[in-house]
Amino acid sequence: SETTERPRHIFALSAKTDSALLELAEQTSIQIESMKLPVSGYAFTANTTRSHFEHRLAVQASTPAELKAGLDAFMSNTNISSLSTGHIKPGTQPKIAFLFTGQGAQYIGMGRQLYETQPVFRAALDQCADILNTILDRPLLDVMYPQDKSDTLLNQTTYTQPALFAFEYALATMWRSWGFEPQAVLGHSVGEYVAACIASVFTLEDGLRLIAERARLMGSLPNNGTMAAVFADSSRVADALKPYHSQVSIAAVNGPDNTVISGEKFAVQNVLDALTKLGISSKPLTVSHAFHSPLMDSILDDFESAARRIQFNAPRLSLSSNLFGGILEPDSVPDASYWRQHIRAEVKFSEGMKSLADLGIDTFIEIGPSPTLLSMGKRCLPESKAAWLPSLRQGQDDWQVILDSLGKLYTQGADVNWAGFDEGYSRQKVSLPNYPFDRQRYWFESAPKK
């Protein structure tokens, strides 16, 4: 179907002082009540034709009544979920990192509303689908948005990984079209492939071919493995793994008390039993295979052989590496050997988050279908005062979630590309109240002649 109108809009208002912003909000509320024009007209006019000052508010709404309610809430100093406010220092800009979610966050219908109503997202996902349709035996969009909701292809590794890559690439493309270029990127396992693509380590087509081959090889393995999250630091977990080092590995260090192990089912259970006796709790993970474990060894040679047909480049922006737990050097090229090790080695997510904090990152946007990494990232940086912003949440309205994050970014000082935000939609400007100015005379009064 053709892309339709966005169901919700965001209205940005700003002024140089609190009193001026209050007056402008009051005048706008009165005009909205009297004119009752579409919200898109008010939002487009306010967002694209005005300067954006230090005192800011953002209201998301579907109807004029909702928009007026948001402005009235601001004037009465009432907190409502659709309203964001902030006072920024002149020239302040958030320092942003994109976090790309890994396997396990996917769900049927993820981003469906965006696909139907957001032109840039739709075009990017269609581009990925066209590439993957020559590689996969099922069309990507049929896998992501099946007519039969009981279709579980999306949860089969062969399809999960390329679907997540395509989905997250489309999300990142949309955010970038709104003016948000990340200073750094980090992906968790599968997510690092998308992060690397955004950092220009490889082209979109090569990235999709690489992730599809990785998924195909992993999907061909027997389902004789499992994974579990252990709520203890990695050194204690490593000691418990020693008797089973050829069967079980640490798959990820997601925080100071969150270590994931992976390997043969019987051996993993033995490790968990031993940890339980030490008073350490754990949680089994629902996975198809034991990723980042010895059970991956048999596919490494075939994967590296395929990866050697890809052209790799040094990242063009700061890329936090799962493999090393830090920012890759500017002249370091993650080549076929890197991605081979990436399959097998533990994901050093906690160290990666600390490396982003060391860069001065103060805003983390999760590029994925669920905010999985945000909750883990907060635990990695307990002293951080950063903003943690999701793109989507399962079971919640796509536009409400993403516009809430956009509103917070704007009121924290982000320079939004409002024309890009409305790219692909038909928009018409409307009349809005002018900025209130101080009404004070500055003329020199001539003294009367004596």
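Here is a walk through this structure, from the whole chain down to single side chains.

Keep in mind as you look that the model is predicted. The protein chain folds into 17 helices and 12 strands. Its C-alpha trace spans about 105 × 50 × 40 Å along the principal axes. Of its 450 residues, 56% count as buried. If you take the contacts with a separation of 6 or more, 79% of them are between residues 24 or more positions apart.

Let's begin with a sheet. Three strands make up this open sheet, in the order β1-β2-β3, with antiparallel pairing. Because β1 (9–15) and β3 (83–87) are at the edges and have a single partner strand each, one side of each is left without a neighbour in the sheet. From one strand to the next, the twist averages 15 degrees. As background, strands of a sheet pair through backbone hydrogen bonds, in either a parallel or an antiparallel way. Here, seven bridges join β1 to strand β2 (residues 55–61) in the antiparallel sense. To find your place in this pairing, look for Ala12, which stands opposite Ala58 in β2.

Helices pack against these strands. Helix α2 (residues 39–49) lies across β1 and β2, and runs at about 40 degrees to β1. Helix α16 (residues 398–411) also packs on the sheet, where it touches β1, β2 and β3. The direction of α16 makes about 170 degrees with that of β2.

Now to the nonpolar interior. In soluble globular proteins, nonpolar side chains tend to be buried together. The largest nonpolar core in this model has 110 residues, and the members that touch the most others are Phe121, Phe165, Phe202, Met353 and Phe364. Helix α7 (residues 157–177) gives this core its largest share, 12 residues. Apart from this core lies another, of 22 residues, including Ala20, Val59, Ala61 and Phe74.

Phe364 is a good place to zoom in. What is Phe364 in contact with, leaving aside its neighbours within four places in sequence? The partners are Ala97, Leu99, Met353, Leu356, Leu374, Leu381, Ala386, Ala387, Trp388 and Leu389. Met353 thus appears here as a contact of Phe364, and Met353 is also among the core members that touch the most others.

Aromatic rings give another view of the model. A search of the whole structure finds 15 aromatic pairs. One of them joins Trp175 and Phe180 edge-to-face, at 5.5 Å centre to centre and with 75 degrees between the planes. Both partners are covered: Trp175 counts as buried because its relative accessibility is 0%, under the 20% limit, and Phe180 counts as buried because its value is 2%. Ring pairs also link these two with Trp178, Trp399, Tyr410, Trp418 and Phe421 into a cluster.

Tyr410 from that cluster has a charged companion: Arg56 lies over the face of Tyr410, at 4.5 Å from the ring centre. A second arrangement of this kind has Arg122 over the face of Tyr115, at 4.5 Å from the ring centre.

Last, have a look at helix α8 (residues 191–198). Are its residues mostly buried or exposed? Eight of its eight residues are buried. Among them are the polar or charged-type names Glu192 and Tyr193, alongside Gly191, Val194 and Ile198. After α8 comes Ser200, whose phi is positive, near 65 degrees.

Conventions. Residues are numbered from 1 along each chain as its sequence is written. This is a predicted model: local features need pLDDT of at least 70, side-chain atom pairs count only at pLDDT 80 or more; totals for chains, interfaces and linings use all residues. Side-chain values use heavy atoms; hydrogens and water are left out. Rings of Phe, Tyr and Trp (its six-membered ring) pair if their centres lie within 6.5 Å; planes under 30 degrees apart count as stacked, over 60 as edge-to-face and the rest as tilted. Buried means under 20% relative accessible area, exposed over 50%, partly exposed in between (1.4 Å probe, protein chains only). A charge sits over a ring if NZ of Lys or CZ of Arg is within 6 Å of the ring centre and within 35 degrees of the ring normal. A nonpolar core is a set of buried Ala, Val, Leu, Ile, Met, Phe, Trp, Tyr and Cys residues joined through side-chain atoms within 4.5 Å. Helices (H or I, at least four residues) and strands (E, at least two) are DSSP runs, numbered from the N terminus. Contact means heavy atoms within 4.5 Å. Two strands pair if DSSP finds at least two bridges between them. Axes are lines fitted to C-alpha atoms, for helices over the stretch in contact, and angles run from 0 to 180 degrees between N-to-C directions.
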